[in-house]
Amino acid sequence: MTAADSAVVYESEVTQVGGQVEAFLGHGLLIFFGAQSPAELHDISVLHRATVAEDGPHPGDLIKVGAEELEVLAVGPVVRDNLLNLGHLDLKADGRTEPKLPGDVCVRVGDLPLLREGDPFRITRPALSNKEPNP
Amino acid sequence: MTEYKSVKVTKGRGGWGGPLTITPTDERPLVASITGGGIHPVAQRIADLTGGEAFDGFSSSAPFDKLAVAVIDCGGTARVGVYPMKKVKTVDIHGTSPAGPLAQFITEELFVSGVKPEDVEEA
């Protein structure tokens, strides 16, 4: 599969990383909020500013956080609204294929990166593998 | 001085915690809607019944210690914990139960979930 076969449904850049973010990584959790979110959420969140906000993640999509690219295993029912309305996403490295909580986006068990200002936060949807080849 | 009234907020179907009695004061007059997309109907109803001031947390900001209550639409991890951690009474539209790294702060005295406008009554 080449990059041309996939679509970017969400593209953003990290603008600030809260002081509690590293502690939450120890719980396998990375919390995103849009840069316009209330100040009380900044401590626990990676803030970012989106340039493309077409859709939330689906299972099978790829989420790029910093240098890591992670396959989405499961997505809760309120994730799309959270992301498109608030820039909010809870990324959990819990390996679940059914989300435990309605706001969860689940990826493989393992370390999540400590992001830095300027890092990418991007959701890419691979083209369907059974897609008809272009004529 | 403004005259404030109290409301009782009861958990809805599938919800957890509460009931909470919410009474704004001159020190804590704000009913914050931390929901995006404007003031949520639950926040508006709490403000209407109590005389508190409804306020959109995503379009302006206020210090924690001005909030009578925070109305959230949290899917379970972040906002459910942040406001209780600061001892702010918290009403979640979604029927979530305590979870996540902040679960220790989420108590029945501070948090109620699964709430719809009809779960807010004059106390």
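This is a chat between a visitor and a guide about a predicted model with a chain A and a chain B.

Visitor: Let's start with chain B: how many helices and strands does chain B have?
Guide: Chain B has 2 helices and 8 strands, and if you follow the sequence from its beginning, the elements come in the pattern β-β-β-α-β-β-α-β-β-β.

Visitor: What is the radius of gyration of chain B, and what would a compact globule have?
Guide: A compact globule of 123 residues would have a radius of gyration near 14 Å, and chain B, at 13 Å, agrees with that. Along the principal axes, the C-alpha atoms of chain B fill a box of roughly 40 × 25 × 25 Å.

Visitor: And what share of the residues in chain B is buried?
Guide: Buried residues account for 52% of the 123 residues in chain B. If we take the contacts in chain B between residues at least 6 apart in sequence, 57% of these join residues at least 24 apart.

Visitor: Which residues have the most contacts inside the largest nonpolar core?
Guide: That core has 66 residues, and those with the most contacts inside it are Ile31(A), Val31(B), Ile46(B), Val69(B), Ala70(B) and Val71(B), so the list names residues of both chains. Strand 5 of chain B, residues 67-72, gives the most to this core, with 6 residues.

Visitor: Pick Val31(B), then: what is Val31(B) in contact with?
Guide: Leaving aside neighbours within four places in sequence, the contacts of Val31(B) include Ala43(B), Ile46(B) and Ala47(B), and also Phe55(B), Val69(B) and Val71(B). Ala43(B), Ile46(B) and Ala47(B) are among the buried residues of helix 1 of chain B, which covers residues 41-50. Just after helix 1 of chain B comes Gly51(B), with a positive phi near 90°.

Visitor: Which strands of chain B does helix 1 pack on?
Guide: It helps to describe the sheet before the helix. The sheet is an open one of 3 strands of chain B in the order 2-1-8, with antiparallel pairing. Strand 2 (20-22) and strand 8 (120-122) of chain B are its edge strands, each pairing on one side only, and neighbouring strands of this sheet are turned by 30° against each other on average, direction ignored. Helix 1 of chain B packs on this sheet and touches strand 1, strand 2 and strand 8 of chain B, while its direction makes about 5° with that of strand 8.

Visitor: How many bridges join strand 1 to strand 8 in chain B?
Guide: Strand 1 of chain B (residues 7-9) and strand 8 of chain B run antiparallel and are joined by 3 bridges, and Lys8(B) stands opposite Glu121(B) in strand 8.

Visitor: Changing topic: what is the strand order in the sheet of chain A?
Guide: In chain A, 9 strands form an open sheet in the order 5-4-9-1-3-2-7-8-6, and the pairing is mixed. Strand 5 (68-71) and strand 6 (74-75) of chain A each have a single partner strand, so one side of each is left without a neighbour in the sheet.

Visitor: Which way does strand 1 of chain A run against strand 9, parallel or antiparallel?
Guide: Strand 1 (residues 7-17) and strand 9 (residues 120-125) of chain A pair in the antiparallel sense over 6 bridges, with Ile123(A) as the bridge partner of Tyr10(A). Strand 1 of chain A is also joined to strand 3 of chain A (residues 46-53) by 7 bridges, again antiparallel, and there Gln16(A) has Leu47(A) as its bridge partner.

Visitor: How many residues does each chain bring to the contact between them?
Guide: Chain A brings 22 residues to the contact and chain B brings 18 residues. On the side of chain A, strand 2 (29-34) and helix 2 (79-86) each supply at least two residues, and helix 2 gives the most, with 4 residues. By class, that side of chain A has 12 nonpolar, 7 polar and 3 charged residues.

Visitor: Last one: where is Pro19(B), and is its peptide bond from Gly18(B) cis or trans?
Guide: Pro19(B) sits in the loop between strand 1 and strand 2 of chain B, and the peptide bond from Gly18(B) to Pro19(B) is cis, with omega near -5°. Most residues other than glycine have a negative phi, and most peptide bonds are trans. Lys87(B) is not a glycine, yet has a positive phi of about 65°, and Lys87(B) lies in the loop between helix 2 (79-85) and strand 6 (90-92) of chain B.

Methods. Residues are numbered from 1 along each chain as its sequence is written. Chains are lettered from A and ligands numbered from 1 in the order in which they are written. This is a predicted model: local features need pLDDT of at least 70, side-chain atom pairs count only at pLDDT 80 or more; totals for chains, interfaces and linings use all residues. A residue is buried if 20 or more other C-beta atoms lie within 10 Å of its own, exposed if 12 or fewer, and partly exposed in between; C-beta atoms are placed from the backbone. Two residues are in contact if their C-beta atoms, placed from the backbone, lie within 7 Å. Ala, Val, Leu, Ile, Met, Phe, Trp, Tyr, Cys and Pro count as nonpolar, Asp, Glu, Lys and Arg as charged, and the others, Gly among them, as polar. The radius of gyration is taken over C-alpha atoms; the globule rule is 2.2 Å times the number of residues to the power 0.38. A nonpolar core is a set of buried Ala, Val, Leu, Ile, Met, Phe, Trp, Tyr and Cys residues joined through C-beta atoms within 7 Å. Two strands pair if DSSP finds at least two bridges between them. Axes are lines fitted to C-alpha atoms, for helices over the stretch in contact, and angles run from 0 to 180 degrees between N-to-C directions.
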